[in-house]
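Grab a coffee and open the viewer: here are a few short exercises to work through. Try each task yourself before you read the solution.

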Amino acid sequence: MGVAFGKNKKEQVEPVRAKVTGKIPTWLRGTLLRNGPGMHTVGETSYNHWFDGLALLHSFTIRDGEVYYRSRYLRSDSYNANMEANRIVVSEFGTMAYPDPSKNIFSKAFTYLSQTIPDFTDNCLINFMKCGEDFYAVTETNYIRKINPQTLETLEKVDYRKYVTVHLATAHPHYDSAGNVLNLGISIVDKGKTKYVIFKIPATAPDRTKRMSPLEHTEVICSIPSRSLFSPSYCHSFSVTENYIIFLEQPFKLDILKMATAYIRGMSWASCLVFHGEDKTYINIVNQRTGKPVSIKFYTDPMVVFHHVNAYEEDGCLLFDVIAYEDNSLYQWFYLSNLKEGLEGNAKIIPFPTLKRFAVPLYMDKNAEVGSNLIKLSTTTARALKEKDDQVYCEPELLCEGLELPQINYAAHNGKPYRYIFGFDVQRTLNPNKIIKYDILTKSSLRWGEDHYWPSEPVFLATPDAKEEDDGILLMTMVSSDPQKLPFLLILDAKNFAELARAYVDVDMHLDLHGLFIPDTDWDTRKQALPKEVQDRASDCPVASQTGQA
C-alpha cells in the first residue's frame, strides 16, 4: 500500500467503512470524489508517463461521523479495449500504441493519415465536472465520461464536438454564480483556422420537460485565432472574474504537423509539445458580456503555467495569480523512468514553481509615456509598462515559491478579491511533501505534514456559518510511502491547521490529481454509496430521512 509511481492499484468496488479518529464536524455531509491514474501496466506492456495511467476514481462518503470509501476504474473505451487485448492498444499522451502490431508501416500510415487530427483517448483521469444535475470525469481531450457519483459506475461517453468544435478542452472548468459551466477549448485547423474557443454550458436546459441535457445548449462566448495555425499554446487552466476571462498563450506549444505524423514515426503526442524559450507569453482578456477581447496587447516573459489560482477586478485593473515554471521540465519529470530514478535518489532537482501575480489595465491612457507604469494600485508591486504600438509588457510580483495544486475558498471568492491559497508544498527532492496555507496579505504561511505520507490537493469547504474567508476545513487524501502505514482521509481546520479527524481505510489507495466535493443534498440517492445495512439503518432513523445540508 505504499507510494509507488507506476504500480497498478486494486479497485474497491464495495464500500469499506473507515476507522475514524478525532471528531468529524457534524455539518460535514457529502461525498468527496477524487480522480487520478491507477493502472500503468496492461499485460506485458507499460505506459511511459504517469499521466497516461488508466483512470481510477475513488470517493469518501461522509455522514454522521462515519466515512465509507470505494474506488472503481473508469470503464472508458480505452480501458475496455486494453483489457480485451490484455495490452495497451490505445495511445495516451506520453505513450503511442498500435492496435495491430502485425501491420506493416505502410498500412499503419494509410490508416492513420485518413484523419489529420487523431481520435484522442477517453481515459478521463484528471478531474470531475458538474454539468446540470450530472457529473463527468474529464481529461484534456474532446471526450468526457458521465459517471454515477454514488457508485462510481461509468455511464455514457460524451463528445464535446457534438456541441462545440473543440479537439482539446481544459480539465479545469469554472462555474459562475448561476451554476453555468465555463470552459476553454482548442479547435485545431477547423476550416483553415486554429482557434481558442471559450464556451458556456447552462446549469439547466431551457425546457426541462424534454429531458434535454444542458450540453445541447452549449454557447460559444468567443473564438480567438491562435497566433500560429499549426502551433497552438497548451492550455491547462484559465481564470475568470465577474466580467472577464483570462487565458495565456504560452510558449509551450503543440506542434500539429508533428502530431499528424507521430503515429507513423512511432513518437508520442507528448513529443509534439515543444517549449519555445525565445517566445513571449501573451495574455488574453475577454469580456464575458460582449465576447470581445480587450484590444490592448499584453505580454510577459516566457513561462509555463499549468494552474491559474484566481483573478479579480480592482480600480480598472485585472489582477490574476498563476503558478509559473521557467520551462516545460515539470511535464518531462513525470515520465515514469524519471520518477523511478527520483525514488532511488538519483533524479535531478524537481522543477520549482513560483506563485506570480500579474496586473493589467483594462483601459490605457493614450497620453501615457512609453516606459511608464500603467498600474497605480498600492496593493501590488506588479507593473504594466507601456511600449510602442499599444503593447504592454507585464512584470509580475513574485509572491512565493514552492506552491502547487492551488485551491481557494472557491464558492465565496473565485473571481473576487481573496487572501488565502491552500496547496501542495513542493520540496526540492522527491520526498513526501506538506500542505501549505499562504496568506497573500501578510506573505506568511502555515504548513502541515507527517513523515512518510503524501498529501493530495486540498479541498476547501466553508463552515455553514462562515464569516471570514478561511472559516472552514480542508479535506485531503493521505497515502504513505511506508507499506505498513494505512492511507487515510485527513480533515484539518483551515484557519489554524489543527487536525480535526482522520478516516483510515485498509485499501490499496492511489495518488490522485484533482476532485470535488458533493454536498449531501439528496440522502435517498446518496445512500447508494453506503453498504445495505447502513442504508437500512439510515432509513429507520427519522433524522437521516430529513435531507439537506446543515
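**Exercise 1. Find the strand that holds Tyr 244, then decide whether Tyr 244 is buried or exposed.**

Solution. Keep in mind that you're looking at a predicted model.
- Step 1: Tyr 244 sits in strand 18, which covers residues 244-249.
- Step 2: the relative accessibility of Tyr 244 is 9%. Buried means under 20%, so Tyr 244 counts as buried.
- Step 3: now look at what surrounds it. Skipping neighbours within four places in sequence, Tyr 244 has contacts that include Ile 285, Val 294, Leu 318, Leu 362 and Glu 313.
- Step 4: take Glu 313 from that list. Along the chain, 69 residues separate Tyr 244 and Glu 313, yet their C-alpha atoms are 8.8 Å apart.

**Exercise 2. Which residues have the most contacts inside the largest nonpolar core, and which strand gives the largest share of this core?**

Solution.
- Step 1: the core in question has 143 residues, and the ones with the most contacts inside it are Leu 28, Tyr 160, Ile 283, Ile 285, Phe 320 and Leu 475.
- Step 2: strand 24 (residues 317-325) supplies the largest share, with 8 residues.
- Step 3: a second core lies apart from this one; it has 14 residues, including Phe 460, Leu 474, Leu 490 and Ala 494.
- Step 4: zoom in on Phe 320. Leaving out neighbours within four places in sequence, its contacts include Ile 246, Leu 248, Ile 283, Phe 358 and Val 360.
- Background: in soluble globular proteins, nonpolar side chains tend to be buried together.

**Exercise 3. Work out the strand order in the open sheet of 4 strands, and say which strands stand at the edges.**

Solution.
- Step 1: the order is 29-30-31-32, and the pairing is antiparallel.
- Step 2: strand 29 (403-407) and strand 32 each have a single partner strand, so they're the edges, with one side left without a neighbour in the sheet.
- Step 3: ignoring direction, neighbouring strands here are turned by 30° against each other on average.

**Exercise 4. How many bridges join strand 31 to strand 30, and how many join strand 31 to strand 32?**

Solution.
- Step 1: strand 30 (residues 420-425) is joined to strand 31 by 6 bridges. Phe 424 has Ile 435 as its bridge partner, while Gly 423 stands opposite Ile 436.
- Step 2: towards strand 32 (residues 444-448) there are 5 bridges, and Lys 437 faces Leu 446 there.
- Step 3: strands 31 and 32 make a hairpin with 4 residues between them, and Lys 443 in the turn has a positive phi of about 60°.
- Step 4: check the cover. In strand 31 (residues 434-439), 5 of the 6 residues are buried.

Definitions and conventions. Residues numbered from 1 in each chain as written. Predicted model: local features only at pLDDT ≥ 70, side-chain atom pairs only at ≥ 80, totals over all residues. Heavy atoms only, no water. Buried < 20%, exposed > 50% of the residue type's maximum accessible area, 1.4 Å probe, protein only. Helix = DSSP H or I, 4+ residues; strand = E, 2+ residues; numbered from the N terminus. Pairing = 2+ DSSP bridges. Core = buried A, V, L, I, M, F, W, Y, C linked by side-chain atoms within 4.5 Å. Contact = heavy atoms within 4.5 Å. Axes fitted to C-alpha atoms, helices over the stretch in contact; angles between N-to-C directions.
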